[in-house]
Each structure stands twice: as C-alpha cells, then as structure tokens.
Amino acid sequence: MKIIVPMAGMGKRMRPHTLTVPKPLIPIAGKPIVQRLVEDIAKVCGEQVDEVAFIIGRFGETVEKSLIKIAESVGAKGTIVYQDEPLGTAHAILCAKESLSGPLVVAFADTLFKADFTLDSSAAGTIWVQRVDDPKPFGVVKLDEQGQITDFVEKPQEFVSDLAIIGIYYFQDGEYLRDELQFLLDNDIKDKGEYQLTNALENMKNKGTTFVPGRVTEWLDCGNKDATVYTNQRYLEYLQERSENLVAESAKLVNSVVIPPVYIGENVVVTDSVVGPHVSLGDNSNVRSSVVSNSIVQQSATVLHANVTNSMIGNFASVTGTPDDLSLGDYNTLRV
C-alpha cells in the first residue's frame, strides 16, 4: 500500500502561520497536520504502508527532512516530488507518477478525519465522503439505490448532492489512475481552468470502474485559524477517548491547574496558570501567570500575564498581557 499526499500550497488563508512553514506542518495536538493524517490513514488501511509520497512546493531541506521522518514513523519510505505550478488536483497527483502503482490512497493534506472502519482493499475504488450543509464549495458525489457512486460534480452551484468528497481516495490500481490523469493533461481537459481529479474519476467510472463511498465519523477542516483551533479541540477529545497520554513526562507544572483535554509537549513549563480545556502547548513553551483555553501554542513560545482563548500562537512567539482571541505568527512579539 502507498499513500500519496499532495500538499503543494503554502496556505494563504492560514497566514501569518504559513509564512515560515507550509500549512500541513502546523501542529494539531502536538503533531503536524500531515503526520496526523498519514498515521490515521495507516491505521484504517489494515496493511503495511510501503511508501508515502509527498507532493510539495519548494519548501526547503528542513521541511523535506521532516516529511521523510513522518513516512518513517509509519514504517514507510518517504518520497519527495515537486509541483512547481498550481494546475489542479489531477496535475498535483500526476507529479508523483513514479509512485502511482499498485493499491494506493490519495490524501490531500489540509483535512483530518475520525473513522472507525478498516478500508476494504477489494473495492476497485473508494471515495471518502461526509454529508455537509452547504455543498457548493466542494466536489460531491451522487449515489444510486445500491449505494454506488454514479456522478462526480465539482463545486455544484445548483443542488445535486450533499455528500462532499473530503479529499481522501482509495484506488486498487495505481497505474490505471496514472493513465487517466495523463489523459487529462495530454488532451488539455480542464474544469474551471484546472486539471481536476474528479474528471479522471468520471472517465474511470464511465469505463466500468465501480466506486463506493467511504463514510467517516467526523471530517475536520484546517482551512483557516478558527477551523484549525476547532480541529485541535476535537482531536484532543478524540485522543482522550482513546486514553492516549497527552502530557510529556518532562513537562513542569508549578502551582497550576490543567483542565483536560490538554496536550503538553516536552520541556514545557507552566507556572501559576490555568491551562485548558482544549489547549496544545508545543515543546519548550512557557506559560506563566496566565489563563489559556481552546488554543494552539507552538514550540518555544511564551505566554506571560495573559488571558488567551480561541488563539494560535506561533513558534518562538511571545505574548504578554494580551486578552482573548489571537493569531500571532512565528517569532513575533506582542505586549499590551
């Protein structure tokens, strides 16, 4: 089994947090979004993952080494390939054409999910979906009476279905997928100005491939700051349900109260403070004389004499005396 992870965009809607790192490396409950995604897919695959191919922009050596370590954490080989132009989802996947063989999962790296099933690898194709209130921003699927997918529609402005494609797909035959993606590019077949995976899926279906929907228990978006803070909240609750240890042994809590669920990383120091619920404190962060709730505080950040909620505070950032809702990027300092 292989996992193909397109993650070329820097995530403009997540600025200032994506000025120094791509969005998929922002932490959720102490681990990068893309690591959570890869680990969760590996669990539901039900078989060994041999390779994880990351399709990225030119993010630099440090990012690439981090991604290779993520692949190795699930016992797989990590492969880095580049998408230098944002030409659509089909183009992004085809950038990893050397890895498109055998059974594989394609997972776009701006989403997380909760699921309690094992993938049926005997199916020709599985498209993971979730029912949504407003399907207009998404690709959606239509089903027949047997529960098989009959149509793929990209961002429908008129209602056709409320089953949104969440960005995770299983293909039993990676070579077949590769050939259909190549057909789109060779014949310049675009939808809304880009080469879309949904067009390849439609062609495969018309040639007899049976696609079935895979249902997730919960779909968690990481598209902007508020959505990412909420995803962190839900993921902490999910980890708590699984009875995972969320507090590092090296963390120091002095005259402080922790209201679970809270993730506290290595060498964190919390003094005279209340932390939680729904807070992630990255490694080496320092919280003193503060109240922090429903927030993500990244590595080596400092929070002093502050009341912080619904916030993201970047790596090496410093906040002093600031109330309420914040979005502070890496290496920034804010004092009030």
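Let's start with helix H1, where Ile33, Val34, Gln35, Arg36, Leu37, Val38, Glu39, Asp40, Ile41, Ala42, Val44 and Cys45 are buried. Keep in mind that this is a predicted model. Put as a count, 12 of the 13 residues of H1 are buried, so the helix is mostly covered.

H1 takes in residues 33-45. How far apart are its end C-alpha atoms? They sit 18 Å apart, which agrees with the 18 Å that 13 residues should span at 1.5 Å a residue. Right after H1 comes Gly46, with a positive phi near 75°.

Now for the cysteines. Cys45, which we already met in H1, can be set beside Cys95:

| Cysteine | Relative accessible area | State |
|---|---|---|
| Cys45 | 3% | buried |
| Cys95 | 24% | partly exposed |

Cys45 counts as buried because its 3% falls under the 20% cut-off. How many disulfides are there? The count comes to zero, since a disulfide here needs a pair of cysteine sulfur atoms within 2.5 Å.

Further along the chain, another pair of helices is worth a look. H4 covers residues 174-186 and H5 covers residues 197-206. Their axes come within 9 Å and cross at roughly 115°, and the crossing is right-handed. Which residues meet there? From H4 there are Tyr176, Leu177, Glu180, Leu181, Phe183 and Leu184, and from H5 there are Leu197, Asn199, Ala200, Asn203 and Met204. The residues of this contact divide into eight nonpolar, two polar and one charged.

Terms used:
Residues numbered from 1 in each chain as written. Predicted model: local features only at pLDDT ≥ 70, side-chain atom pairs only at ≥ 80, totals over all residues. Heavy atoms only, no water. Helix = DSSP H or I, 4+ residues; strand = E, 2+ residues; numbered from the N terminus. Expected span 1.5 Å × (residues − 1). Buried < 20%, exposed > 50% of the residue type's maximum accessible area, 1.4 Å probe, protein only. Axes fitted to C-alpha atoms, helices over the stretch in contact; angles between N-to-C directions. Left-handed = near helix turned anticlockwise from the far one by under 90°. Contact = heavy atoms within 4.5 Å. Nonpolar A, V, L, I, M, F, W, Y, C, P; charged D, E, K, R; others polar.
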